[in-house]
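Please walk through this model step by step, starting with one helix and moving on to the cysteines and the place where two chains meet.

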Amino acid sequence: MSEGTLYDKVWERHKVADLPNGQDQLFVGLHLVHEVTSPQAFGMLREREMEVAFPDRTVATTDHIVPTTAEGRSRPLADERAEEMLTHLERNTEEAGIRFFGLDDDRQGIAHVVGPELGFVQPGMTVVCGDSHTSTHGAFGAIGMGIGTSQIRDVFATGSVSADRKAVRRVEVTGELGDGVGAKDVILNVIRELGVDGGVGHVYEYGGEAIRALDMEGRLAVCNMSIEGGARAGYINPDETTYEYLRGREFAPEGEAFEERREYWESIRSDEDAEYDDVVEVDASGLAPQVSWGTTPEQVVGVDEPVPEPSETRDPDAAETAQAHTEVTPGETMEGHGIDVAFLGTCTNGRVADFREAARVLAGREVADGVRALAVPGSGTVKRTLEAAGIDRVFEDAGFQWREAGCSMCLAMNDDALEGEEVCASSSNRNYVGRQGSTEGRTHLMSPGMVAAAAVEGAVTDVRAFDTADEVGRSVADAEVDG
Amino acid sequence: MSDAPGPAGDDASGADDGASVPAIRRVAGTGVPLRGDDIDTDQILPARFLKAVTFDDMGTYAFYDRRRDEDGGRNDHPFNEYRGANVLAVNDNFGCGSSREHAPQGLMRWGVEAIVGESFAEIFRDNCKSLGIATLSVAPEEAEALQSFIEANPDAGIEVDVREETVRYGGTTVEGEVPDAMREALLAGIWDTTAVMRSNLDRAKAVRDALPYTDD
């Protein structure tokens, strides 16, 4: 049993009661709501004649079903079912008095992008959302947990969730990352090492030199994919990087209140002598850019390493099936594997720093013939920030479509989807069969820089071989753009 | 649906707000074997069917893409072949990925009342608890043995005992594990947690008031 970790401290501060089934009732500091998993919960609440107990601790946005073209967003939406979901959310949030960032608000975007960038998410909070990628918010030193719709109903009705305390695993990422290697590569490598179910029953505390060196966007990407490793929550202790990111955000405290709050943030950091249920070390020095070759996020390899034989993997049958689907060859590297689609965005890599990373690769270059390339900012705020710095032009000049904010092709609940057997270089988080909208489609997960490089080459390629075009890119790509 | 008995429920107990749920001590019926590790909730319920404001139609969409050929016809997927079954037999890390409750809702509305497997993804298992679907973890070889038994004896009775944490079939009793919180909740008929948590609302407000960030 862990002791003195951030997880233990935040849990204790939020515990409401022991429940008869042996679980704890935990107060929810921030409930993020979107259109897909909430309407049924609002319906159940209505059936029970209950009201939302803490609307002031609740924030809503629309992301999964929204079209990402400007034309597509005029109301009513062309897709009647999408329109119905959006209308329900508008009505439900208005009735309950919940703040809602809708299509008419230029801060609308993916819940896990909007929550952090507007300053709603802060260290020492409990954050829930009806979305598995709620683990994202652990980047602030918060406990972020994805929940199902019945639990959303509970949070609406009681401001709390019933939950089991998990074992705390310290994931120590040692070493220094090389050029062209970043947070996405770190987390893909962690999942590759620990497996897609390695984190079941655990919360991951990420630490070590490589984690400390990451900016907030990088930390958000790491924590975002905790769930792909089976860990419902993953977090990073807050530090100066966290506090500086929060300073000046719209819904973060200001002035004296900020300094007072900081004392709380410092107080919930894991103690020096905290006890963990276990500790694993992952060496990130010499790490190459990572690429998924299969159909789960642990089927990953360095871009310069051969794709493994099925017999060398944890689950040979699954690996064989996956390789048949993706048509990759064991023994060969992923380099040169042709792509049809390049997709930038999502709650993993849809932030300003992610697009800046891709822009450094794209500046002065063009997308290969025949490649469909989408750049989908994670929020209206991200989009406007990039546009103010002229970075949208880098994408458009290179041949990317510059879109409006949403989940887009990550899960294809909107107009953006793979078609037929298309192969996609994707900055998203899941490469499951059918995930991007076509059961024959193929997804290769990689960092934003690697997606940009693949777009240019028309094939998976090592971004480290690219001059990152400082000469061309500096004026736009390196402009001070943090919103 | 089959004539197999449903969950052996006791009288409703506990909640008093229209959310009364039965105690679930055992689930008896027939099985449906579904082989494979890491079956994610996108397979169980493809995202395009999430575009609905209720769960009513989700039973139709359970494993929708996996149940169909390229030309849209039904293939020999277990969810086509074992209609009427209520005990699902799976392998490792079942239900990983997206938190969508649509997945267990789809399974439940198709007819699943209990799931036996090597292991389950956490959010999926929590969602099962919310819906009163029992999950029993058993050793990997036991999960496979159960699947083989069902394949050879599709009409044979299978019983998941929540209290004993066992699955019984063909004269065999296999011990497994139902997570403590789920076991308590199912046996006592308190798997719908809204009422009990709502009764602590004043304490929740006190916790809120003591937190430094809730004035924002």
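At the start of α14(A), which backbone nitrogen does a side-chain oxygen of Ser379(A) reach? The partner is the backbone nitrogen of Thr381(A), and the oxygen comes to within 3.3 Å of that atom. Keep in mind that this is a predicted model.

Helix α14 of chain A covers residues 380-388. Its buried residues are Gly380(A), Thr381(A), Val382(A), Lys383(A), Thr385(A) and Leu386(A). Thr381(A), whose backbone nitrogen was named above, is thus also on the list of buried residues. The buried residues of α14(A) pack against three helices and a strand of chain A, namely α4 (111-117), α13 (352-362), α15 (391-398) and β17 (401-402). Just after the helix, Gly390(A) has a positive phi of about 80°.

Next come the cysteines. A search over all chains of the structure finds zero disulfides. Cys129(A) is in no disulfide, and the nearest cysteine sulfur, in Cys347(A), lies 9.5 Å away. Cys129(A) is buried, with a relative accessible area of 0%. Cys410(A) is buried as well, at 7% relative accessibility. The closest cysteine sulfur to that of Cys410(A) is also in Cys347(A), and because the two sulfurs are 6.1 Å apart, they are too far from each other for a bond. The cut-off for a disulfide is 2.5 Å between the sulfur atoms.

The last stop is the contact between chain A and chain B. Chain A brings 74 residues to this contact and chain B brings 58 residues. Between them the two chains bury about 5500 Å², with 54% of that area on carbon and sulfur atoms. On the chain A side, Asn21(A), Arg48(A) and Tyr432(A) lose the most area to chain B, and together they account for 11% of what that side buries.

What kinds of polar links cross this interface? There are eight salt bridges. Arg153(A) and Asp192(B) form a salt bridge, with their closest N and O atoms 3.5 Å apart. Across the interface there are also 31 residue pairs in polar contact. Several elements of chain A each supply at least two residues of the side that touches chain B, including α1 (6-14), β1 (15-18), α3 (80-96) and α5 (149-158). Of the elements, α5(A) gives the most, with seven residues. By class, the side of chain A that touches chain B holds 28 nonpolar, 26 polar and 20 charged residues.

Technical notes:
Residues numbered from 1 in each chain as written. Chains lettered and ligands numbered in written order. Predicted model: local features only at pLDDT ≥ 70, side-chain atom pairs only at ≥ 80, totals over all residues. Heavy atoms only, no water. Contact = heavy atoms within 4.5 Å. Buried area = accessible area lost by both parts, 1.4 Å probe. Salt bridge = Lys/Arg side-chain N within 4 Å of Asp/Glu carboxyl O. Polar contact = N/O pair within 3.5 Å; in protein donor to acceptor, adjacent residues only side chain to side chain. Helix = DSSP H or I, 4+ residues; strand = E, 2+ residues; numbered from the N terminus. Nonpolar A, V, L, I, M, F, W, Y, C, P; charged D, E, K, R; others polar. Buried < 20%, exposed > 50% of the residue type's maximum accessible area, 1.4 Å probe, protein only.
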